[in-house]
Amino acid sequence: ELKLKQEKIPYRSQVEMNMKINNEKIGGCFADLIVFQPTNEIILELKRSKYITLDDIRQIKRYLEVSKIQLGIIVNASRNGRLNYKRILNANYKIL
C-alpha cells in the first residue's frame, strides 16, 4: 500500500465481496486491494506462501465474477524471497 500511495495510484483495501451461495450472502470475503486505473479496476490479491495454489486462483475468480472486474493479479512473496505473480481474467467480463 505504501508504494501505491507514493505513486499516487488510487486504490481501496480490504474490499468486501458480496458472495452468495444459494442466494444467501456469505460474510467475511475481502479482496486485499482494488486498484483503480483510468479505464478499469484490477483486483490485487497478496499472498505469502511457498507458491500460488489452485485455491488462490479459485478465490480471485470468484471475486472477479461478483465484482464484474476484468482483471485480477495474485502476487506471492514466497518465504525464500522470490516474487511470483499470476494474471487471472474474468471469463464472464462483458466489454461495452
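Start on helix H2: Leu54 and Asp55 are exposed, on the other side of this helix from its buried residues. Keep in mind that the whole model is predicted.

Which residues of H2 are buried? They are Asp56, Ile57, Gln59, Ile60, Tyr63 and Leu64. These residues sit on the same side of H2, because the arc they cover around the axis is only 160°. The helix itself takes in residues 54-67, 14 residues in total, and its first and last C-alpha atoms are 20 Å apart, close to the 20 Å expected at 1.5 Å a residue. Right after H2 comes Lys68, and its phi is positive, near 60°.

Now for what the helix lies on. H2 lies across strand S4 (30-36), S5, S6 and S7, and it runs at about 155° to S5.

**The sheet**

Those strands belong to an open sheet of five, ordered S1-S4-S5-S6-S7, with mixed pairing. At the edges are S1 and strand S7 (83-89), each of which pairs on one side only. From one strand to the next, the twist averages 30°. In general, strands of a sheet pair through backbone hydrogen bonds, and the pairing can be parallel or antiparallel. Here, S6 (residues 71-77) and S7 run antiparallel, and seven bridges join them. One residue pair to look up is Val75 and its bridge partner in S7, Tyr85.

**Three buried strand residues**

Three residues from the strands are worth a click in your viewer. Buried here means under 20% relative accessible area.

| Residue | Strand | Relative accessible area |
|---|---|---|
| Val15 | S1 (residues 11-16) | 10% |
| Ile42 | S5 (residues 41-47) | 16% |
| Glu45 | S5 | 2% |

Take Glu45 to begin with. At 2% relative accessibility, this residue counts as buried. Which residues does Glu45 touch, leaving aside neighbours within four places in sequence? The contacts are Phe30, Ala31, Asp32, Gln59, Ile60, Tyr63, Ile73, Ile74 and Val75. Gln59, Ile60 and Tyr63 in that set are also among the buried residues of H2.

Ile42 lies in strand S5 as well, and its 16% relative accessibility is why it counts as buried. Beyond residues up to four places away in sequence, Ile42 touches Leu33, Ile34, Val35, Gln37, Ile69, Leu71 and Ile73. Ile42 and Gly72 are 30 residues apart in sequence, yet their C-alpha atoms are 5.5 Å apart in space.

Over in strand S1 there is Val15, buried with a relative accessible area of 10%. Setting aside neighbours within four places in sequence, its contacts are Cys29, Phe30, Ala31 and Ile34. From Val15 to Ile43, 28 residues along the chain, the C-alpha atoms are separated by 9.6 Å.

**The chain overall**

Zooming out, how many helices and strands does the chain have? There are two helices and seven strands, and from the N terminus on they run α-β-β-β-β-β-α-β-β. The chain has 96 residues, and 32% of them count as buried. Looking at contacts between residues at least 6 apart in sequence, 44% join residues at least 24 apart. The accessible surface is about 7200 Å², and carbon and sulfur atoms account for 51% of that.

Conventions: Residues are numbered from 1 along each chain as its sequence is written. This is a predicted model: local features need pLDDT of at least 70, side-chain atom pairs count only at pLDDT 80 or more; totals for chains, interfaces and linings use all residues. Side-chain values use heavy atoms; hydrogens and water are left out. Helices (H or I, at least four residues) and strands (E, at least two) are DSSP runs, numbered from the N terminus. Buried means under 20% relative accessible area, exposed over 50%, partly exposed in between (1.4 Å probe, protein chains only). Contact means heavy atoms within 4.5 Å. Accessible areas come from the Shrake-Rupley method with a 1.4 Å probe; for residues, only the protein chains shown count as cover. The expected span of a helix is 1.5 Å times one less than its number of residues. The arc is that of the directions from the helix axis to the C-beta atoms. Two strands pair if DSSP finds at least two bridges between them. Axes are lines fitted to C-alpha atoms, for helices over the stretch in contact, and angles run from 0 to 180 degrees between N-to-C directions.
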